Structures are given as structure tokens and as C-alpha cells.
Amino acid sequence: MNAADRFRTAVDNKDLTALDDLFTEDIRLYSPVKFTPFEGKPMVLGLFGVLLRTFEDFRYVGDYTGTAQTSTDGTSAPSAVLLFRARVGDKEIHGIDLLHLDDDGRIKEFTVMVRPQSAVHALGEAVLAGLVEDGLAPAPAGQ
């Protein structure tokens, strides 16, 4: 089973321990709701804990593999694209997870792309609330 299949199984099972084994220590996750990446395994695992409880009816609906340049260092790396559908509240989400792998087949860079904009907004609010709740982000000013 390749890394993309192992990742997909871990997400389907909401298995953070399996995700921990798949991520490099210095993983970067590029989110549709934050300009700078989430960096490092502890933060990315925390984010996945929030995502796994935020998405409703999450399912992967397709996949592609190949190579792509990473954002981190511009090198070409084995990559996989996983297409998904989900809901956040009443918003239907279409998205892709782009995984870049290191030489050991672990995920070193992860990019999430989501549409439509209204779903991105709903997802951003729900994820921020979850990160604040879990102590991974400060509460927004004025709250």
C-alpha cells in the first residue's frame, strides 16, 4: 500500500496515530484559509484532529499520482492528488488534497484546495474555533 492509500485509510478511520507515522517531522500544510503554512508534525496533527471532527460526510472520490514541484524547496517529488467531497454545516465542499512525499514515502508537504468560496469561509471559521478550543491558536481579538 502506497503513502496516499495509507493516508486515505487513516483519514477514513480518523486514525491520528497512523497519520503521525505518515508525516515527516517538518511537514508543512498549506491551507485554503491561511496564507502561511502550518508547520511541524505537532501542529499539523492538531489541525487534523480539528478537521476530522469538523468535516461531515467526508469521502474521497478519486485520486491521481505523479510528480510535482514542492513549495518548500522547489524540488520535484512523488505526489498524489486525492479528490474529496464533504460538508461543513450546510455548505457542500469540493476539494483536493495534494500530497508531496519524501524519499522514504512519508508526507513532507500537504496542500488543501477547496471550493466554493462560501465553503472556504465556513471551513475557516469552524477550523479556527476548533484550533482555539484545542489551545493551538489564540482566540481572535475582541473575543
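Start with helix 1, residues 3–12. Select Ala3, Ala4, Phe7, Ala10 and Val11: these residues are buried. They sit on the same side of helix 1, because they cover an arc of only 125° around its axis. In general, an α-helix has 3.6 residues a turn, so residues three or four places apart point the same way. Keep in mind that this is a predicted model.

Now look at the two ends of helix 1. At the N-terminal end, select Asn2, which acts as a cap. One of its side-chain oxygens lies 3.1 Å from the backbone nitrogen of Ala4. After the helix comes Lys14, with a positive phi near 50°.

Next, the sheet. It is open, with six strands in the order 2-1-6-5-4-3 and mixed pairing. Strand 2 (38–39) and strand 3 (56–69) are the edges, each pairing on one side only. Select strand 1 and strand 6: they pair in the parallel sense over four bridges. Pick Tyr30, then its bridge partner in strand 6, Thr111.

Return to helix 1. It lies across strands 1, 3, 4, 5 and 6, and runs at about 165° to strand 3. Helix 3 also packs on the sheet, touching strands 1, 2, 3, 4 and 6. Its direction makes about 55° with that of strand 1.

Last stop: the largest nonpolar core, with 38 residues. Select Phe7, Leu19, Phe23 and Ile107, which have the most contacts inside it. Helix 3 gives the largest share of this core, seven residues.

Which residues does Phe23 contact, leaving aside its neighbours within four places in sequence? They are Phe7, Lys41, Val44, Leu45, Phe48, Arg106 and Ile107.

Conventions: Residues are numbered from 1 along each chain as its sequence is written. This is a predicted model: local features need pLDDT of at least 70, side-chain atom pairs count only at pLDDT 80 or more; totals for chains, interfaces and linings use all residues. Side-chain values use heavy atoms; hydrogens and water are left out. Buried means under 20% relative accessible area, exposed over 50%, partly exposed in between (1.4 Å probe, protein chains only). Helices (H or I, at least four residues) and strands (E, at least two) are DSSP runs, numbered from the N terminus. The arc is that of the directions from the helix axis to the C-beta atoms. A polar contact is a pair of N or O atoms within 3.5 Å; within protein, one must be able to donate a hydrogen and the other to accept it, and residues adjacent in sequence count only if both atoms are side-chain atoms. A nonpolar core is a set of buried Ala, Val, Leu, Ile, Met, Phe, Trp, Tyr and Cys residues joined through side-chain atoms within 4.5 Å. Contact means heavy atoms within 4.5 Å. Two strands pair if DSSP finds at least two bridges between them. Axes are lines fitted to C-alpha atoms, for helices over the stretch in contact, and angles run from 0 to 180 degrees between N-to-C directions.
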